[in-house]
Amino acid sequence: MIHSKHEKRLSARDIRKTFVRSNGWFARASETHALKGVSFDVEAGEIFGIVGESGCGKSTLARILVGLENADGGSLSISGRTLFRADGPELPPVQRGIQMVFQDPYASLNPRMKVGDVVAEGLAIAGVPREERERRVAETLTLVGLSAADSQKHAFQFSGGQRQRICIARALVMEPRFLVADEAVSALDVSVQMQILNMILDLRDRIGLSIIFITHDISVVEYICDRVMVMYDGRVVEHGPAQAVLDHPSEAYTQKLIASVPRLASTADRRLSHDQNGPRRSVRATSLGGDLCQSQVSRSDGV
Amino acid sequence: MKLDLLNLKFLLGASMLSFVLFLALFGSWLTPFDPNRQNLLASLLPPLTDGHILGTDHLGRDILARIISGAKVSLAIAASVVLISGVVGVLVGALSGYLRGTPDLITQKVVESFWAFPPILLAIAILAFFGQSLANVILALTIQRWIPYSRITRAQAMVLRSLAYVEASKVMGGGLGWIMRRHILPNLMASAVIVATFSMATAILAEASLSFLGLGVPPQIATWGGMLAEGRSYITRAWWLAVMPGLGIFITVLALNLLGDWLRDQFDPKKNLNLT
């Protein structure tokens with residue numbers, strides 16, 4: 001919202017990653033080429049989908065973006081600032097301005113810590129004083145639809161959807177420019193998925209966050225992504241505006257991927273939703289889980 | 001987590017252990033006798049004669065007084081051994097499991113080479129080489145005892161390192177020290193405490209074995225193992241010389257094993273299904 005179009009753009013160029021596994025002293029080591037040169041751009045305030053079957057390299061890409069894994073080649077920069085280059089040093093994860101939300105909301109939260117400490121962890125590492133930490137934690141918890149009082153509770157007192165909200169709050173409190181969500185809703189119930197997806201859309205509108213949304217679920221892509229990139233076997237198969245790619249897939253693999261999704265909504269429904277954001281959401285809801293789900297959305301967004 | 005305090009194992013173990021601890025700490029006020037005072041005229045007195053509740057040994061020393069002073073030595077040695085080996089073992093295990101790669105490879109080779117020696121042999125070798133002293137007994141017992149801690153904690157750290165909350169911490173800038181303190185070490189405490197309880201029992205036995213072999217602390221200090229060794233030659237004439245310190249070892253080790261068993265039950269995920 002505040003950012004001009006080219007102010008904050010994440011550019012990935014020709015990212016490569018090979019995993020080498022040793023098979024003991026006498027056998028040859030086996031190599032897995034997880035990423036074979038992946039390039040893409042993410043614009044400010046955009047929700048960028050990365051879709052593909054498991055093993056296509058999308059999670060490896062996510063881990064490289066946030067710095068949990070080192071790429072073997074290629075480069076990554078945000079608005080001209082280099083995060084890594086093949087021949088240069090890597091920027092440590094926290095300085096990248098990219099935060100991550102993980103798939104499993106149960107393994108994502110240390111069961112020994114209170115929610116307030118979980119959300120404040122990044123600030124505590126950075127040495128932010130206690131009063132400011134508490135203030136920002138309270139703000140962020142409200143932003144994701146929880147209450148400031150929740151910071152005194154433990155993670156096990158929350159449901160899966162609420163836990164994912166805590167994880168998102170933990171990422172947002174770091175004020176990232178980009179948020180990587182790796183299968184962030186695939187462990188949740190369909191109705192809860194909707195609530196989290198709506199919250200992500202809302203966050204994008206309110207704080208202008210750019211989101212890289214990694215999923216294997218075409219209907220999720222359809223629902224929230226502005227642009228999408230389809231990956232297969234470590235390569236980009238196709239990319240473009242989400243609607244164009246999903247409605248008129250040009251590559252055979254994308255066509256197969258879309259055809260494999262079971263659907264309740266008819267093609268006519270999807271065509272209807274082509275033009276604008278408004279009707280698009282409610283119609284998309286049908287492909288996520290039918291009418292039940294739609295009523296859930298219109299009722300409330302709170303968990 | 002709720003601890004089941006009305007458990008028979010806990011009640012027996014805790015009461016036996018507190019009895020031993022009480023004797024070790026305050027026992028010297030309960031008996032008028034000096035543990036090292038010899039009185040050849042009163043040697044080999046059976047229990048309950050002339051005020052010697054547990055009798056006297058071949059030099060006329062009061063056995064109860066010696067057991068009490070031996071308890072202090074045994075428990076102090078065992079506690080220091082458990083503490084030192086626990087800290088070393090947990091740190092080594094946590095770091096090697098979390099870091100993997102070369103540090104892990106090196107520590108695993110070290111662990112394997114230490115583990116290749118029969119424990120008592122290694123302890124004997126160390127004491128024979130460095131000489132008998134309290135510090136050397138502790139060293140000899142510690143040298144292998146950190147290994148069980150490091151094995152268990154390494155396995156757990158390997159699981160923890162790939163958990164999403166540890167990775168999230170890395171993305172937020174958490175360094176090695178932070179992640180160790182915040183996420184790894186607190187999660188290893190439960191198993192470390194269980195290992196410690198059992199390890200305390202075996203440390204007491206090992207110290208007694210070394211003293212029995214005459215390789216423990218210097219002979220002028222009364223220890224349970226040393227008393228057992230001295231009593232061995234009189235076992236047919238005066239059974240109490242060997243049986244009394246043996247009972248001391250037995251009660252302490254049994255109490256610790258019961259407590260360790262109980263603790264393990266308490267931390268068993270199958271028992272406490274609401275672990276999180």
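1. Before counting anything: helices here are DSSP runs of H or I with at least four residues, and strands are runs of E with at least two, numbered from the N terminus. On that basis, chain A comes to eleven helices and ten strands. Keep in mind throughout that this is a predicted model.

2. Chain B makes quite a contrast to read alongside it. Its secondary structure comes to nine helices and zero strands, so to speak a plain run of α elements from the N terminus on. Taken along the principal axes, the C-alpha atoms of chain B fill a box of roughly 75 × 45 × 30 Å.

3. A quick word on burial and contacts, chain by chain. In chain A, 43% of the 303 residues are buried, and in chain B the figure is 45% of 276 residues. If you take the contacts in chain A between residues at least 6 apart in sequence, 66% of them join residues at least 24 apart. For chain B, with a separation of 6 or more, residues 24 or more positions apart account for 69% of the contacts.

4. Now the layout of chain A. The domain assignment splits it into domain 1, made of 7-97 + 176-259, and domain 2, covering 107-175. Their C-alpha centres lie 25 Å apart. Where they meet, nine residues of domain 1 of chain A are in contact with eight residues of domain 2 of chain A. On the domain 1 side, helix α5 (residues 190-207) of chain A gives the most, with four residues. That side of domain 1 has eight nonpolar residues, one polar residue and no charged ones.

5. Which strands of chain A make up the open sheet, and in what order? Four of them do, arranged β2-β1-β4-β5 with antiparallel pairing. β2 (30-42) and β5 (81-84) of chain A stand at the edges with a single partner strand each, so one side of each has no neighbour in the sheet. On average, and ignoring direction, neighbouring strands of this sheet are turned by 30° against each other.

6. For a closer look inside that sheet, try strand β1 (residues 10-21) and strand β4 (residues 73-78) of chain A: they run antiparallel and are joined by five bridges. If you want a pair to find on screen, Arg13(A) has Ser75(A) in β4(A) as its bridge partner.

7. Strand β7 (residues 178-182) of chain A deserves a look of its own. On one flank, strand β6 (residues 98-101) of chain A pairs with β7(A) in the parallel sense over four bridges, and Gln99(A) stands opposite Leu179(A). β7(A) is also joined to strand β8 (residues 210-215) of chain A, again running parallel, through five bridges. There, Phe178(A) has Ser210(A) as its bridge partner.

8. Is β7(A) buried or exposed? Five of its five residues are buried. Phe178(A), Val180(A) and Asp182(A) are buried on one side, while Leu179(A) and Ala181(A) are buried on the other, leaving both faces covered.

9. Val180(A) turns up again in the largest nonpolar core, which has 152 residues; Val180(A) and Ile212(A) are those with the most contacts inside it. The helix giving the most to this core is α2 (residues 63-99) of chain B, with 17 residues. Domain 1 (7-97 + 176-259) and domain 2 (107-175) of chain A both give residues as well, so the core lies between them. As general background, nonpolar side chains in soluble globular proteins tend to be buried together.

10. What does Ile212(A) touch, leaving out residues up to four places away in sequence? The list is Val42(A), Phe48(A), Ile50(A), Leu65(A), Phe178(A) and Val180(A). Two of these names, Phe178(A) and Val180(A), are buried residues on one side of β7(A).

11. Last, the chain-to-chain contact. Here 15 residues of chain B are in contact with 23 residues of chain A. On the chain B side, the elements giving two or more residues are α6 (164-171) and α7 (176-212). The largest share, seven residues, comes from α6(B). By class, this side of chain B has eight nonpolar, five polar and two charged residues.

Terms used: Residues numbered from 1 in each chain as written. Chains lettered and ligands numbered in written order. Predicted model: local features only at pLDDT ≥ 70, side-chain atom pairs only at ≥ 80, totals over all residues. Domains from an automatic or database assignment. Contact = placed C-beta atoms within 7 Å. Nonpolar A, V, L, I, M, F, W, Y, C, P; charged D, E, K, R; others polar. Core = buried A, V, L, I, M, F, W, Y, C linked by C-beta atoms within 7 Å. Buried ≥ 20, exposed ≤ 12 C-beta atoms within 10 Å, placed from the backbone. Pairing = 2+ DSSP bridges. Axes fitted to C-alpha atoms, helices over the stretch in contact; angles between N-to-C directions.
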